[in-house]
Amino acid sequence: MDEVYDTSATFADLGLSDPVLRGIREMGFEHPTHIQAVMVPPALDGSDILGQSKTGTGKTVAFGIPIIERVKTDSPFASLCLVPTRELAIQVTHELRNIGRFTDLHVVPIYGGQRMKVQNEKLKRGPHIIVGTPGRVMDMHRRGRLPYEHIQLAVLDEVDRMLDIGFRDDIRQILSTLQQDHQTIFVSATISREIETLARHYLNNPVKIDVSEGKSLTVSQVHQRHFTVQPWDKNRLLLHLLKNEEPALTLVFCRTKQTVDALTGYLKRKGISAHAMHGDMYQNKRNRVMSRMRKGELSVVVASDLAARGLDVDDISHVINYDLPEDPEVYVHRIGRTARVGKDGIAWSFVTPEQGALLTAIEKLTNVEILASEYSDFKPGEPPAAVLNQQKEEARRQDEIRTTHSRVRTSLPTTDTSDSSKFPGGQVPVALPRKRMGGRIRTKRS
Ligand code: ADP
């Protein structure tokens, strides 16, 4: 069976209207993907949906078709689609406009970083479908520009991100304001049990769809490997890989914005044309990087997790986790930027010696073994002076602890004078505890 497409079905089988079928044909799609084949029919019937499917399997079209089919041209503000990033708002709007190209429906993106005045003008015209980030949507609602009372269909893309702690309150505020009868669709590539429980608060008897086949969370076309590397060797190893492998378009993920900037600077100094992408950059600059990346003009983009979710850029050949993400689910989304709709891709992760448990947690979640890769021609460097000093200091401390312990042990009375009946079955103390427990207990003096 094809992993992504349902080759036994056509879009016409899904009961779509002529204008939507024309839109889909114009997009060049032949067969629906599995999530589309399974999700579209119940969504067209008006059911609430909780849908899970791997990255790059066409979830946007899976909820986009029901939006375009169910919203009527005489109903402004009829659908609200919430997404976590501005880039995703622009991308999803683009996809919905393509599906609805032969309808008279009007779709607008609403996100922070774009001038209020521009967005006010767009909302004044009474669009049918709004695709937005939660903060700006709430802002526009408060200003009376974006009414909620006509919403018939609400969608949360990347639902696990939308219901995690960062966005949870905003989503609660928006969704609990919808008093009228409405349909709700939630999708993501990862939905933990906890998120599902939260999600169900907003869903009415939902149809649950999971086409991840219950096996692995990542598509088999993505070849995953890890490199064990010391933190001080990461820059050189990355440079080595980029120079020796000459990957096409590479997306390098770092944990912080500072690392993104520092690493981009390092690569540039070494002659690699690298571009940064993170949330502290001006929106114009972010948009420029995105559009150049889409046009295939860039070869290395160093990004924060801003770029981990949903971005659909053709031909990202390599994803490199320069830093492993702390949350294993983020790994799934990051590497999902490559190997989209049936293509091949490579995902490499740098793992420092202390990060074994994190790698195991990722393997457990994805249900994939991420094998080690070695570079015989890469020579690890000496630890920098600061690390050597730290190691020396740690060794000295351990030594000191050992000497103190042995001194305490030899100074203890050899005959046990304590009353063991007071400590039945337990360890019988032979001396009073040190007064301040090495500083761990607060006393009046501290
Ligand atoms: P996901 O949200 O599952 O990560 P997207 O919705 O971003 O995936 O879709 C990935 C890519 O696949 C997009 O470029 C989209 O246009 C394309 N796509 C979607 N459905 C089909 C289809 N049925 N046939 C071919 N390409 C498709």
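Which polar backbone atom lies 2.7 Å from an oxygen atom of the ligand? The views below answer this for a predicted model, in which local features need pLDDT of at least 70, side-chain atom pairs count only at pLDDT 80 or more, and totals for chains, interfaces and linings use all residues. Residues are numbered from 1 along each chain as its sequence is written, and side-chain values use heavy atoms, with hydrogens and water left out.

**View 1. Polar contacts of the ligand (pairs of N or O atoms within 3.5 Å).** The atom asked about belongs to G56, whose polar backbone atom is 2.7 Å from an oxygen atom of the ligand. A backbone N or O atom of H31 lies 2.9 Å from a ligand nitrogen atom, and a side-chain N or O atom of R340 is 2.9 Å from an oxygen atom of the ligand.

**View 2. The residues around the ligand (those with a heavy atom within 4 Å of it).** There are 19 such residues, and Q36, G56, K59, T60 and D312 come nearest. Helix α3, residues 59–70 (helices are DSSP runs of H or I, at least four residues, numbered from the N terminus), gives the most to this shell, with three residues.

**View 3. The two domains at the ligand.** Domain 1 (11–210) and domain 2 (222–372) each supply at least three residues to the shell, with the domain bounds taken from an automatic or database assignment.

Notes
Polar contact = N/O pair within 3.5 Å; in protein donor to acceptor, adjacent residues only side chain to side chain. Helix = DSSP H or I, 4+ residues; strand = E, 2+ residues; numbered from the N terminus.
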